[in-house]
Amino acid sequence: MTEQLLAPLDPADLAALAEASTATLTTQLFKLGLRNTYLAGLRGLSRHEPRMVGEAFTLRYIPAREDIDTLDVFADYDHPQRLAVESVQPGQVLVMDCRGQGRAASAGHILLTRLAARGASGIVTDGTLRDVEGIGDLRLPVFAAGPAAMTNLAQHHAVDLQVPIGCAGVPVYPGDVLVGDADGVVCVPRHLVPVIAQPAREQEELEAFLQRRVAAGAPLRGTYPPDEHTLRAYDESRAALGDAR
Ligand SMILES: O=C([O-])CC(=O)C(=O)O
Ligand SMILES: [Mg+2]
């Protein structure tokens, strides 16, 4: 495990990310030139926790081999998969690199129940999960490619904790911030969290205004993107709100 001392993130920045949609965050990152931040192909499996924000704690799997990856490896409580679950701290998201291989689950209900009990902020895998019926009831945001019944050892050999990984084709470094919602998961590079937090908040507020206008019948021309007239109306509505406070 690579121990890293990362400067803490500003809670206000994390709160801004928690309130922003993944659509907004990918746009903010796109503005900075980053096009590969969305973990395509994953969906939320939690019935109670559709939104997620937290810092990446990474686990890397390589392909399993029949002579090594047998059920008795779990007699070792420090097996990297189990160690990962028992190492995740409150506020962290366990992010697993399964190479997009979904034929065997990367974890199941018991391990995710333990993650929830440890106060994890979520779990993300580009593979699959087993026991998804029970997982759906957990108070834990969960994002995966889907379900698979087969146990992880059939396909996955856990090797490294807290190293840079690829997840759904996106680079994820320990400490990056993962945000999830109904559209899926985006990885925000840690150093860009303070850069995009406030612009993301502003984009959310402006788009909420534009959304109301379009819902009320406004055409796209002049509204989306907003022209000077619409932006003035937006400023006036914000000033009115400010006055009312
Ligand atoms: O063998 C596994 O993948 C783990 C499992 O079922 C669980 O955590 O409930
Ligand atoms: Mg199970």
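Between which two strands does the loop that holds Ala168 lie?

1. In this predicted model, Ala168 sits in the loop that runs between β8 (165-167) and β9 (170-172). Its backbone deserves a look, since Ala168 has a positive phi of about 55° although the residue is not a glycine. Ala168 counts as buried, because 24 C-beta neighbours fall inside 10 Å and the cut-off for that class is 20 or more.

2. A second residue that is not a glycine, Asp131, also carries a positive phi, here of about 60°. Asp131 is placed in the loop between β5 (122-125) and α5 (132-135). Asp131 has 17 C-beta neighbours inside 10 Å and therefore counts as partly exposed.

3. Asp131 also belongs to the set of residues around ligand 1, which further includes Arg130, Thr151 and Asn152. The other members of that set are Ala105, Ala107, Gly108, His109, Ile110 and Leu111. Sorted by class, the shell around ligand 1 is made up of four nonpolar, four polar and two charged residues, and Asp131, with its positive phi, is one of the residues in that shell.

4. The peptide bond between Tyr224 and Pro225 is cis, with an omega of about 5°. Pro225 is found in the loop that connects α6 (193-215) with α7 (228-244).

5. As background to the points above, most residues other than glycine have a negative phi, and most peptide bonds are trans. A check of the backbone could thus take in Asp131, Ala168 and the bond that joins Tyr224 and Pro225.

Definitions and conventions:
Residues numbered from 1 in each chain as written. Chains lettered and ligands numbered in written order. Predicted model: local features only at pLDDT ≥ 70, side-chain atom pairs only at ≥ 80, totals over all residues. Helix = DSSP H or I, 4+ residues; strand = E, 2+ residues; numbered from the N terminus. Buried ≥ 20, exposed ≤ 12 C-beta atoms within 10 Å, placed from the backbone. Near = placed C-beta within 6 Å. Nonpolar A, V, L, I, M, F, W, Y, C, P; charged D, E, K, R; others polar.
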